[in-house]
Structure formats: C-alpha cells, structure tokens
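Hello,

Here is the structure I promised to pass on to you. Have a look at it first, and then read my notes underneath.

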Amino acid sequence: MPVPQVAIVGRPNVGKSSLFNWLAGRRLAIVDDFEGVTRDRMTTLINNEDAFFELTDTGGLGIEDPDDLTADVRRQIDLAIESADVILLVVDVQTGPMPLDELVVERLRGIERPVILVANKADQPHQDTLAEDFHRLGRGRLVTVSTTQNRNKSELMELILDRLPPSDESINEPTMKITIVGRRNVGKSTFVNTLAESDRMIVSEVAGTTRDSVDVRFEVDGQTFIAIDTPGLRKRKSQRTDLEFYGTHRAQRSIRRADVVLMFFDAAETVSKVDKQLVGYVIENHKPVIFVINKWDQLHGTVPTDRWVRYIRRQFPTLAYAPIAFVTGQSGKNVKALLNHSTMLFKQARERVSTGQLNRLLRSAIEAHQPPMYQNRRPKVYYATQVATEPPTIVVMCNEPKAFANDYRRYLLSVLRDHLKFGEVPIKLYLQKRPRNDEMDAINK
C-alpha cells in the first residue's frame, strides 16, 4: 500500500510553504514574499505517533513565471493534485477571497478527494470570523490557522488524519538519502526524474530552474530511497537575489543530511570554482561521494573515460578514493549501477571493525614504516579503537600526538582504507595522548 499523500494548493502568497514548514516541524521550503518561489513539488514524510503521510508543497496557481516555466509549474501542481488523498486548499484571511482563489477552486472541481479549506494568517482569534467569507467557495471543511502564531495546528492535523485512507504500518522507511549536487544545468533534475520514473522535477534549459532542495521518494527492488535534488549553484559574487542565497544554504544543508552525495559534472564542461566549493563542503562534512560525469553520450567514442578520470583525480587529489561514474541521466544509461554503488558506499560508512583487527593492522603498518623521529625520540602508538560510524571514526592512542606529521597520518589512513571495509568513504582519524592511568599497549608487544 502506498504512503498516503496530502497536497497543499492555493494561489501565490497565501502561505503554502510556511504551512508546509509548520506541519513538518522544520524549515524545508524557502519562504519569501516574492511570488513564484516554489516551482517544483517539495515533499516530506510526516511520521509521528498520530500521523504517517507524505506532505507536498506546490507552486502558486495563477502565477506567470518570469522564466516562461508557467506550464511546467502548472504540471507539477496537477501531478500533486492527481496523486493526493487529501487536499489542503490554502487561503489568506487578511486579504479575503480573491479572484485567483476562485481559479483554484475551479481547478479542484470534479476532484472527489477530501478537501480541507485552510484559512491561514488568522493571527488573532478575532480574525477567525473573517474566514467565514470563504464559505462561498464551497469546498471542504474550514479551519483557521496561523503558522506564525502557531494557532490551531492540532485541529488541522486532526482533520487531515480523519480524512486519510488507512496506512500500511509495514511501509518501508527510506534505506538511504542521496543528495545530488552540482552547478547549474548539469542534469540533476533529469537524473532525479529517471530515478523516480516520473516527471517529478521541472527540467528546463533555463539556468536556476530548481530553487529549493526537493526530497523525492522512490523505490527500487523493494527498497525505499530519498533523492534530494538541489539548486544549481554559481559563484557567490554572481548570486543576485535572496533566492540564490537561500538556495546555496539549502544545498549545503542537503549535503549535511545526505548518506551519500552524488557530485554531478557536465561531460562537456571543465571543473569550475563552484564545483570545488561544493566538493570542499562535502569533504568538510565527511560525506561519501561519487563523482558523476553526466551527459556522457555527448562524448562517448570521442573522449576516453581514462582522460576524465585522470582529470578529476588531478582536480581533487584528496578524494583519490572516491568512485567515478559515467552516466546519461536522460536515457538512464548506467543509472541503476550508480544507485547500486551508492548503496555500497552507504554500507561502507556504517561498517565496524573489531579493536583486535584494527590493532593487528596498525602493528603491521608501523613495522613496515616507522613514524619519523621527533625531538630525537621515536613516537609510539599503543592501540586504536573505532568509536563511531558514518563516517567511520578511529581513535589512536599514542604518547605524543603532535609528534606524528601529516604525511604519516595520511599513511595510516591509506593503510586503513586499503585493508578495511572503508575503501571508498571518508575516515576520521584522531591521535590522542594515552592517559597516565591507561596501560593498554596492543601495538608494542
């Protein structure tokens, strides 16, 4: 049984994205006074003791998109409405009924799913009476709310739950979250649509079409995943609007949320400063990453893959362990293999090794290559243990952490990566001074 769907619809600037964030309990959608901010469908899973459904935010009906994407935005709204089990029709108490509200009601005519008329921006109780003017719209049970003043959230949630179809408690939680990042027009949204096997994201030649990070839930071979599409980024000095500023921060947050990051490049373009900034943020957050060379069909047979591999390795030498994939997102070529490899990295990041295995490996590594002398003394390693996963985090107890130069730390990391189950993911390595009361020494026996 599929996850129940709840769609938020309405004209522009009635507070749909604010309502989405409010019900989700966290800031997911960009909220701005500028009309037409939301273009794609944004979804999140509401999963608590009383509720289990997927909530979808949509663009404003009736808006003319300045980038000539009006038909694409409308199609995304239509898809959300058609798949919804419950529809939240949002109106603005403070402006009262508007002609565009009638347009939205007309769009819902013939839709037999339950509709809840959500009169938003009723910040004070005395404004509840203003909502009575909306009864003439003739659609659904009316409830007044205020997302800014946190009014009547429980009443709205109760109305939603009463109208939802029974949900299957055995519905799979997502296996992992895959965040797709890259600069503008590298094919991220097309790739997400291929994964979801639907027109889930608006795809256009217009740069900056995707303005927000969007979660897309999909299933492959009985496993549930979430693909997070992110806005295409450009240089900070080229960010002309607040939307681009917020988009950058949403992309960064999506990287932090990721289990695996897919760093997209256009096969016909060279690596840019923006690419390096994004990869730097991935490194900073210790996320498993796959370099994805997209639109490979355009160069297939003319440029050998080895040339691109060598080029990427030169550009990002500290990520020599990261896999490189060549795909064509539009046709789906190699997409399934990429998803399988992403799953492998996710598993690697969650692996644990025993303390005994770790210490035997370190002993062999140190015997093969002793640490350089420091102040006329040979620094000592006593033992190591893994203290966390995602990323694998290893603490090495020694007599003097600062005695181990960076190149020797890199040597130890390479040994761990070559011989343990963490071959293609980041590893955190900490060298700490062994406490005086700790006499454990598994290395120098």
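Below is what I found, beginning with a helix and moving on to a sheet. Please keep in mind that this is a predicted model.

Let me start with helix α4, which spans residues 153–163. Which of its residues are buried? They are Leu156, Met157, Leu159 and Ile160. Because these four cover an arc of only 160° around the axis, they sit on the same side of α4. Turn to the face that points away from this buried side and you will find the exposed residues Ser154, Glu158 and Asp162. The cover over the buried residues of α4 includes the strands β1 (5–9), β3 (52–57), β4 (86–92), β5 (115–120) and β6 (141–144), along with helix α1 (16–24).

Further along the chain there is an open sheet of three strands, ordered β13-β14-β15, with mixed pairing. Its edge strands are β13 (381–388) and β15 (428–433), each of which pairs on one side only. On average, neighbouring strands in this sheet are turned by 25° against each other, direction ignored. Strand β14 (residues 393–398) runs parallel to β15, and six bridges join the two. If you want a place to start looking, threonine 393 stands opposite lysine 428 of β15.

Two helices lie across strands of this sheet. Helix α10 (residues 355–368) lies across β13 and β14, at about 135° to β13. Helix α11 (residues 406–419) lies across β14 and β15, and runs at about 125° to β15.

Best wishes

Definitions and conventions
Residues numbered from 1 in each chain as written. Predicted model: local features only at pLDDT ≥ 70, side-chain atom pairs only at ≥ 80, totals over all residues. Heavy atoms only, no water. Buried < 20%, exposed > 50% of the residue type's maximum accessible area, 1.4 Å probe, protein only. Arc of directions from axis to C-beta. Contact = heavy atoms within 4.5 Å. Pairing = 2+ DSSP bridges. Axes fitted to C-alpha atoms, helices over the stretch in contact; angles between N-to-C directions.
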